[in-house]
Amino acid sequence: MQSIKEAFDRSWVGLGPKVTEFEEEWRKLIGCALAVGVNSATAALHLALACFRFPEGKRVLVPSLTFASTATAVLYNRLIPVFVDSDPLTLGMKLEDLERKYDKDCVAVIPVHYAGHPVPMDRLVPWARSKGMKIIEDCAHTAGGIYKGKALGTWGDIGCFSFEEKKCMTTGDGGMMVTDDPELFRDVKAMRWVGIDKDNWKTAQQYVAANHDAMHWFYELNVLGYKYNMNDLAASIGLVQLKKLPGFSLRRSEIIRKYLDGLAGINGISPLLPFEPDVYPYQMFGIRKDKRDELMIWLKRKGIASGCHYTPLSVQPLFAEWGHNCPYIEKEADRFITLPLHADLTDMEVSYIIESIKAYR
Ligand SMILES: Cc1ncc(COP(=O)(O)O)c(C=O)c1O
């Protein structure tokens, strides 16, 4: 509340100094050259592809098991999504299917670190580079995860993070784009703000600073932009959440350890993937179970929220034209149940969830 109050006290709640401050803190966390705040990871993914100015109709490899935005960003850019099946163990893109689906019209690949579990970027990156493809990491499920000594989000050309309310940390809604290549981000600040490469905060400062100049209001439009900027209220929340992020991540890891211990050995139930809570921060936890719906109804009656992440995009009607080509995940996702995972979950609540699953027959 104090951080938000500062924005109100300055009478500046739009794109301004808090966004700049948050971008700098995020840049330091990830250890990259540049970070740009936007209003969602969806916006970040749209702009990330737009940065490359790919010719219309080129193809982009995306996992089928992901949230809509990974693939709608491809359509926003008038490109074609090519769905890739999941690795049965980790649920990241299956690298063999990636190689099989590749053709010379593929210009980019968007790996998703599903639940926060890293895609083996040490294998994916050299392969994608050898094909001349660009790599955009969808980091919506991670915040500060490190794979083989290198931060997730910095393995490819651009990393896209989400601060939507259920993510590792939140700004209500929000996102961040990161890169080590300043040339790639040459126009990105204009692209996030309707094509104007000068935010209102700078305009206001110029107004105050130069009495002899009547051009403080002036801007030029050189690129097609969108209304995708982060604002100072969201950034105020982000700055405080960022300080709490290490604590959030520790608590989520602790809860995952409790789930793994408590659910081990229950017949017919296995964790979604080989979670390593001592190594990676996770945004999601879940299990696999035959006849999943019956257990979901049981949990619902016990007052326990559950979900399924996700219906594979390759079976969604919107993507029918390019879909029905990921046989493993299109079947297996019917067995997925996501369980509650957030830093405020108490030990008692976690035990109650575990005991309720044990009691299910
Ligand atoms: C894998 C993935 N990518 C992208 C997004 C989009 O994030 P946002 O809600 O910030 O636009 C999400 C959101 O849930 C997601 O799970």
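Serine 162 is a good place to start: at a relative accessible area of 9%, this residue is buried, because anything under 20% falls in that class. Please keep in mind that the model is predicted. Serine 162 belongs to strand S8, which covers residues 158–162. Threonine 42 is 120 residues away from serine 162 in sequence, yet their C-alpha atoms are 8.1 Å apart in space. Both residues also turn up beside the ligand: Thr42, Asp138, His141, Ser162 and Lys167 come nearest among the 17 residues around it.

**The ligand and its surroundings**

Where does the ligand sit? The space it takes is the largest pocket. Let us look at what surrounds it. Sorted by class, the shell holds six nonpolar, eight polar and three charged residues. Two helices, H3 (41–51) and H4 (68–76), each supply at least two residues of this shell. Helix H3 gives the largest share, with three residues.

Several side chains place a polar atom close enough to an oxygen atom of the ligand to count as a polar contact, for which the cut-off is 3.5 Å. Here are three of them.

| Side chain | Ligand atom | Distance |
|---|---|---|
| Lysine 167 | oxygen | 2.7 Å |
| Histidine 141 | oxygen | 2.8 Å |
| Tyrosine 310 | oxygen | 3.0 Å |

How much of the ligand does the protein bury? Taken alone, the ligand exposes 390 Å², and the protein buries 92% of that.

**Two residues to compare with serine 162**

Threonine 154 lies in the loop between strand S7 (150–151) and S8. Is threonine 154 buried or exposed? With a relative accessible area of 10%, threonine 154 is buried, since this value is under 20%. Its side chain has a partner in the backbone: the side chain of threonine 154 reaches the backbone oxygen of alanine 151 at 2.6 Å.

Lysine 134 offers another case. This residue is found in strand S5, made up of residues 134–138. Asp138, one of the residues that come nearest to the ligand, is in the numbered range of that strand. Lysine 134 has a relative accessibility of 31% and counts as partly exposed, because the value lies between the 20% limit for buried and the 50% limit for exposed. Along the chain, lysine 134 and serine 64 are 70 residues apart, and 19 Å separates their C-alpha atoms.

To return to the starting point, serine 162 in strand S8 is a buried residue and one of those that come nearest to the ligand.

Notes
Residues are numbered from 1 along each chain as its sequence is written. This is a predicted model: local features need pLDDT of at least 70, side-chain atom pairs count only at pLDDT 80 or more; totals for chains, interfaces and linings use all residues. Side-chain values use heavy atoms; hydrogens and water are left out. A residue is near a molecule or strand if one of its heavy atoms lies within 4 Å of it. A polar contact is a pair of N or O atoms within 3.5 Å; within protein, one must be able to donate a hydrogen and the other to accept it, and residues adjacent in sequence count only if both atoms are side-chain atoms. Accessible areas come from the Shrake-Rupley method with a 1.4 Å probe; for residues, only the protein chains shown count as cover. On a 1 Å grid over the protein atoms alone, a cavity is a set of points where a 1.4 Å probe fits but cannot get out, and a pocket is an open set with protein on both sides within 12 Å along at least five of seven lines; lining residues have an atom within 4 Å of a point. A molecule sits in a cavity or pocket if more than half of its atoms lie within 2 Å of its grid points. Helices (H or I, at least four residues) and strands (E, at least two) are DSSP runs, numbered from the N terminus. Ala, Val, Leu, Ile, Met, Phe, Trp, Tyr, Cys and Pro count as nonpolar, Asp, Glu, Lys and Arg as charged, and the others, Gly among them, as polar. Buried means under 20% relative accessible area, exposed over 50%, partly exposed in between (1.4 Å probe, protein chains only).
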